[in-house]
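Biologist: Hello! I am new to this structure and would like a close look at a single part of it. Could you walk me through that part slowly?

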Amino acid sequence: MKIPFPPLLQDWLGVILPAAQVLLILLLTRLLQLLLKRLIGRAAARYDLPPELAMGVRRVLNTVLLMAATLLILERLGVSGTVLWTAFTGFATVGAVAFFAAWSVLSNIFCTFLIFIVRPFRLYETVELLENGEKPGIKGKVIDVNLLYTTLQEESAGDGAPATSVQVPNNWFFQRGIRRWRDAQRIAGS
């Protein structure tokens, strides 16, 4: 048995139904994001993972969720999956060529993941990149690690000059020797 709708509602049913579906997709996406944030936070705390790694995993999963939600919304609005797939493969091909041309950037991104996994140093530790053997190099306290660079805050010269910071490409940490000074209080607390 079909329930008749008022004529005014029947005219707007083609708009209301897709809008409700889009809102439902957005709501479910947000709920999944919150659930993943909580699960990743618990896993990071339980297994003592670095906060940078947990944040990176959360960002990647949020991006995947948002892309899936966007595809579902576009499908609800009548955009063809074939058209989307064709556009995606075309952009992916161009992107692959561009990434191949930017190999040093990819090297730094890969080395970032190695820094998070291997942990040759930690945030707020003092490290020195040796040029070769015992020759001194860049030295400073690690204050940030992002996808391309690690930021080191150099010690001030003591003549009133402010401390400076240096951004070092992440792949340098795997091409050169590292001298590492650990904070004695941090070691005692861990």
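In strand 3, which residue is the bridge partner of lysine 141?

Modeller: Happily! This is a predicted model, in which local features need pLDDT of at least 70 and side-chain atom pairs count only at pLDDT 80 or more, while totals for chains, interfaces and linings use all residues. Residues are numbered from 1 along each chain as its sequence is written, and side-chain values use heavy atoms, with hydrogens and water left out.

The bridge partner of lysine 141 in strand 3 is glutamine 153. Helices (H or I, at least four residues) and strands (E, at least two) are DSSP runs, numbered from the N terminus, and two strands pair if DSSP finds at least two bridges between them. Strand 2 and strand 3 (residues 149-153) run antiparallel and are joined by four bridges. Three residues sit between these two strands, which form a hairpin.

Lysine 141 also has a residue opposite it in strand 1, namely threonine 126. Strand 1 (residues 126-130) and strand 2 (residues 138-145) are antiparallel too, with four bridges joining them.

Now let us follow strand 1 to its salt bridge. A salt bridge here is a side-chain nitrogen of Lys or Arg within 4 Å of a carboxyl oxygen of Asp or Glu, and by this rule the count comes to three. In one of them, the side chains of arginine 179 and glutamate 128 meet at 3.2 Å, N to O. Because arginine 179 lies in strand 5 and glutamate 128 in strand 1, this pair ties together parts that are 51 residues apart in sequence. Buried means under 20% relative accessible area, exposed over 50%, and partly exposed in between (1.4 Å probe, protein chains only). Glutamate 128 is buried, at 6%, whereas arginine 179 is partly exposed, at 26%.

Another salt bridge joins the side chains of glutamate 125 and arginine 180, at 2.9 Å, N to O. Glutamate 125 lies in the loop between helix 4 (103-118) and strand 1, and arginine 180 in strand 5 (residues 177-181), so the pair ties together parts that are 55 residues apart in sequence. Glutamate 125 is buried, with a relative accessible area of 5%, while arginine 180 is partly exposed, with 26%.

A word on confidence: pLDDT is the predictor's confidence in each residue, from 0 to 100. The chain averages 85, and 88% of the residues score at least 70. Over residues 184-190, however, pLDDT stays under 50.

Note on methods. Contact means heavy atoms within 4.5 Å.
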